Amino acid sequence: AKAAKGEKRTVEKLAKQHNVSTSTIQRDEKFVEAVEKLTGDDLSLRKKILNKQVKVPKTQLISMAGEEEDDL
């Protein structure tokens, strides 16, 4: 899925602000979406994953959620 013009500019601004590539920002977005999908209403588990108290590699978590990592 291609990003809309406004979304692309936001990704570019975030990437520049955090000194990372745009693909890193997009991958992190997929990660957050995957965490939300897998944890559902369990906010405690979501917080543990995001705070790295429960360690699951980003790519594995994205895959478990059925998200396509290459679909950036």
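Here are a few friendly notes on this predicted model and its patch of negative charge.

1. Ground rules: residues are numbered from 1 along each chain as its sequence is written. Local features need pLDDT of at least 70, side-chain atom pairs count only at pLDDT 80 or more, and totals for chains, interfaces and linings use all residues, while side-chain values use heavy atoms, with hydrogens and water left out.

2. Overall fold: the protein has four helices and zero strands, in the order α-α-α-α from the N terminus. Helices (H or I, at least four residues) and strands (E, at least two) are DSSP runs, numbered from the N terminus.

3. Packing and surface: 19% of the 72 residues count as buried, where buried means under 20% relative accessible area, exposed over 50% and partly exposed in between (1.4 Å probe, protein chains only). The protein exposes about 5600 Å², with carbon and sulfur atoms supplying 49%; areas come from the Shrake-Rupley method.

4. The patch: Glu7, Glu29, Glu33 and Glu36 gather on the surface as a patch of negative charge. Patch residues have over 30% relative accessible area and no salt bridge, and like charges are joined within 9 Å. A salt bridge would put a side-chain nitrogen of Lys or Arg within 4 Å of a carboxyl oxygen of Asp or Glu. Asp and Glu count as negative, and the charge of Glu is placed at CD.

5. Helix 2: this helix (residues 22-39) gives the most to the negative patch, with three residues. Glu29 lies in helix 2 and is partly exposed at 46% relative accessible area. Glu33, also placed in helix 2, is partly exposed at 33%.

Conventions:
Patches are made of residues with over 30% relative accessible area and no salt bridge: like charges are joined within 9 Å, nonpolar side chains (Val, Leu, Ile, Met, Phe, Trp, Tyr) within 5 Å. Accessible areas come from the Shrake-Rupley method with a 1.4 Å probe; for residues, only the protein chains shown count as cover.
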